[in-house]
Each structure stands twice: as structure tokens, then as C-alpha cells.
Amino acid sequence: MSDTPTTPKTRTRTKVERPRLHKVILVNDDYTPRDFVTRILKAEFRMSAEQARKVMITAHRKGSCVVSVYPRDVAETKATRATDQGRREGYPLLFTTEPEE
Ligand code: TYC
């Protein structure tokens, strides 16, 4: 150990917070056909047929289901695009977004 007096070094730490991710949520309704919901999930959210079917059935049974999480702008764009595809076919299919806790 050396006897040289040491001056405490101060360190500046810049806190960088990761941007919060946002959930895309599929909301159940009584009118949109199951196969249509599954097709949208596969196309817009790049899910396998099996994954898409599971998410669709969960929303059908429980009222809603988290599809995936993304940075905010991606989540909003995907939710809007997927909802619009239902509207174009006359279905009330709805995808919403909310920040992750
Ligand atoms: N409940 C619809 C039906 O029975 C199917 C459906 C599932 C619709 C999930 C929307 O988010 C949904 N045809």
C-alpha cells in the first residue's frame, strides 16, 4: 500500500434510460371471424399459425391478449395497420397499445 494521499475522484454518470416498450393488445369482439383474426396476426406480427391461433383464442376467451411488445412508434403503427385491415373488411377488430409497466 502506498502512503501517497489520494484525492477522491468524482465520476459523472449520465443516466440513460431505455425507452419504455409498448404492448400491442388484441381486443375480442363478437363479429370478426376467427380465421381473419389469425390471418392478421400472422401477416402483421409475423407469428406462426400456431402462435397466432393461441393468441386469438386467448383474446376470445379472456377478452384481450397481449400480442407483442415494441418501441412505441412500432407498436402504434402495427396496431393501427392491423385495426385498419379489419375496418376495410367491415369488422370491428381492434388492436390497442399501452406502455409496459
Ligand atoms: N370472438 C370472435 C368470434 O367468435 C373471434 C375473435 C377472437 C374476434 C379474438 C376478435 O380479438 C378477437 N368470431
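At what angle do helix α1 and helix α3 pack, and how far apart are their axes? Keep that in mind as you open this predicted model, and let's walk through it.

**Stop one: the helix pair.** Select residues 34-45 for α1 and residues 72-88 for α3; the two helices pack at an angle of about 145°, with axes 10 Å apart. Turn the view until one helix lies over the other, and you will be looking at a right-handed crossing. Now show side chains at the contact: α1 brings F36, I40, E44 and F45, while α3 brings K78, R81, A82, Q85 and G86. Colour these residues by character and you get 4 nonpolar, 2 polar and 3 charged.

**Stop two: the ligand shell.** Next, select the ligand and the residues around it: L26, V27, N28, D29, T32, R34, V37, M56, A59 and H60. Coloured in the same way, this shell splits into 5 nonpolar, 3 polar and 2 charged residues.

**Stop three: polar atoms.** Zoom in on the ligand's nitrogen and oxygen atoms. Start with V27, where a backbone N or O atom sits 2.8 Å from a ligand oxygen. Move on to D29, which has a backbone N or O atom 2.7 Å from a ligand nitrogen. Then pick H60: here a side-chain N or O atom is 2.8 Å from a nitrogen atom of the ligand. Switch on a surface to finish this stop: on its own the ligand has 350 Å² of accessible area, and the protein covers 89% of it.

**Last stop: the elements behind the shell.** Colour by secondary structure and find β1 (21-27), α1 and α2 (49-62), the elements that each give two or more residues to the shell. Of these, α2 gives the most, with 3 residues.

Definitions and conventions:
Residues numbered from 1 in each chain as written. Predicted model: local features only at pLDDT ≥ 70, side-chain atom pairs only at ≥ 80, totals over all residues. Heavy atoms only, no water. Axes fitted to C-alpha atoms, helices over the stretch in contact; angles between N-to-C directions. Helix = DSSP H or I, 4+ residues; strand = E, 2+ residues; numbered from the N terminus. Left-handed = near helix turned anticlockwise from the far one by under 90°. Contact = heavy atoms within 4.5 Å. Nonpolar A, V, L, I, M, F, W, Y, C, P; charged D, E, K, R; others polar. Near = heavy atom within 4 Å. Polar contact = N/O pair within 3.5 Å; in protein donor to acceptor, adjacent residues only side chain to side chain. Areas by Shrake-Rupley, 256 points an atom, 1.4 Å probe, with all protein chains shown as cover.
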